[in-house]
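Me: I would like to go through this model and ask, for each label attached to it, what the label rests on. Please set the values against the cut-offs where the reasoning needs them.

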Amino acid sequence: MRVLPFRVVTPSAVSCSVPSLLLDGQATGPDERPADWTYISDFAVRGSLTIDPSEVAASSGLAADDGMARLLAVLRVDCPATGRRFLWAEPVSADHPSAEITVEVPGGSAAQDLEVRYELVLDGPDGPAPQGRVAYLKGSRLYTGDQTYRFPLEGADAAFPVEAVRFRGGEFPRDAAWLVKFSAEDLNSPFLGSVRLLINQDHPAAEALLEAENTLAQPIIIRDILAQMLVEVALRSGGEALDEFDEGSTGAALQELCATYLDATLRAAVDMMTTEPGRVMAMLQAGTGFLKELK
């Protein structure tokens, strides 16, 4: 049990609504998958929190006209797959004990599922330290909800994370069909936070490329993505360990991709890419069924 240097708010002094996910005007509850969600969907998570002012004052020692006036109700949204955190806060006080909180989640920043929790924190300014272990520093967390609400975003057959954008030159050549953004700096970072496939929405093939079931486009894209990732890892790995990775990490995902499409470990694939890149490209053609649908 963690002992804090200041008094906290008793759980019975706080009541929270069951949050909901809002997408295209439709509300979805925890443990329900939103039907129209994609990697490029903008959506929001909304909930409400209410305090019992007298119990908050008694348990925390905060004065109604001072410390309690600095209370913020926080809704925190975490995406373990991408390592991203989103939150928003609204004030609560003895005069206004309830707050509705909406957290905006931009497209391309979440995947797999979300974890949502409520908190009560203290806003600034800090002021002098009071007696009786009463919290006074900005950011002091006085309450964290016991319940974590989970929102699944995708099924087991989810497509590779993709985002449609307009290519305007420079890093994004106007006539290119797609661009892969990949960071190989830390292979234990979350995979879906390290890689993104950007489709040029002005390209004539954009609609076909964005179709998850397109049997011609998928092998071409997978081959291109995996080839680029292996090149990046070969250039940046510097001899670091390429064998053991955390679950859900970039390295673990690459291990699985290499096993699926190259019948090789990540280390073996990187070694081949360094010494026999042509062979790797040919193996990727075979492994992905490259152009088999072209007649």
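Reply: Gladly, with the reminder that this is a predicted model. A place to begin is helix α7, residues 277-288, which has 12 residues and reaches 16 Å from its first C-alpha to its last, close to the 16 Å expected at 1.5 Å a residue.

Me: What makes one face of α7 the buried one?

Reply: The buried residues of this helix are Val280, Leu284 and Thr288. Seen down the axis of α7, these buried residues fall within an arc of 55 degrees, so they line one face of the helix. An α-helix has 3.6 residues a turn, so residues three or four places apart point the same way. On the other side of α7, Gly278 and Ala286 are exposed. The helix is followed by Gly289, whose phi is positive, near 70 degrees.

Me: Why is Ser59 called buried or exposed, whichever applies?

Reply: Buried means under 20% relative accessible area, and Ser59 has 16%, so Ser59 counts as buried. Ser59 lies in helix α1, residues 53-60, and, with its neighbours within four places in sequence left aside, Ser59 is in contact with Arg7, Val8, Val9 and Thr10.

Me: How do you know which class of exposure Asp24 and Arg133 belong to?

Reply: The exposed class starts over 50%, so Asp24, at 63% relative accessibility, counts as exposed. Arg133 has a relative accessible area of 45%, which falls between the 20% and 50% limits, and therefore Arg133 is partly exposed. Asp24 lies in the loop between β2 (20-23) and β3 (26-28), whereas Arg133 is found in the loop between β8 and β9.

Me: What makes the backbone noteworthy at Asp24, at Arg133 and at the bond between Gly124 and Pro125?

Reply: Most residues other than glycine have a negative phi, and most peptide bonds are trans. Asp24, although it is not a glycine, has a positive phi of about 50 degrees, and Arg133, likewise a residue other than glycine, has a positive phi near 60 degrees. The peptide bond that joins Gly124 and Pro125 is cis, with omega about 0 degrees, and Pro125 is found in the loop between β8 and β9.

Me: How do you know that β8 is paired with β5, β9 and β10?

Reply: Two strands pair if there are at least two bridges between them. Strand β5, residues 71-79, is joined to β8 by 8 bridges and runs antiparallel to β8; here the bridge partner of Val77 is Val116. Strand β10, residues 149-152, pairs with β8 over 4 bridges in the antiparallel sense, with Leu114 opposite Phe151. Strand β9, residues 141-144, is joined to β8 by 3 bridges, also antiparallel, and the bridge partner of Leu120 in β9 is Tyr143. Each of these counts meets the requirement of at least two, so β8 is paired with β5, with β10 and with β9. Strand β8, residues 113-122, is mostly covered, since 7 of its 10 residues are buried.

Me: Why is the sheet that contains β12 described as having mixed pairing, and which strands are its edges?

Reply: This is an open sheet of 3 strands in the order β11-β13-β12. Strand β11 is joined to β13, residues 195-200, by 4 bridges and the two run parallel, with Ile199 as the bridge partner of Ala164, whereas β12 is joined to β13 by 5 bridges and those two run antiparallel, with Leu179 opposite Leu198. The pairing is mixed. The edge strands are β11 (162-165) and β12 (178-182), as each pairs on one side only.

Me: What makes β12 count as largely enclosed?

Reply: Of the 5 residues of β12, 4 are buried, so the strand is largely enclosed by the rest of the structure.

Me: What makes up the largest nonpolar core, and which helix gives the most to it?

Reply: The largest nonpolar core has 76 residues, and those with the most contacts inside it are Phe43, Ile51, Leu71, Leu114, Leu120 and Leu230. Helix α4, residues 217-236, gives the most to this core, with 7 residues. For Leu71, the contacts beyond its neighbours within four places in sequence include Ile51, Val56, Leu62, Val92, Val121 and Leu142, and also Glu90. In soluble globular proteins, nonpolar side chains tend to be buried together.

Terms used: Residues numbered from 1 in each chain as written. Predicted model: local features only at pLDDT ≥ 70, side-chain atom pairs only at ≥ 80, totals over all residues. Heavy atoms only, no water. Expected span 1.5 Å × (residues − 1). Buried < 20%, exposed > 50% of the residue type's maximum accessible area, 1.4 Å probe, protein only. Arc of directions from axis to C-beta. Core = buried A, V, L, I, M, F, W, Y, C linked by side-chain atoms within 4.5 Å. Contact = heavy atoms within 4.5 Å.
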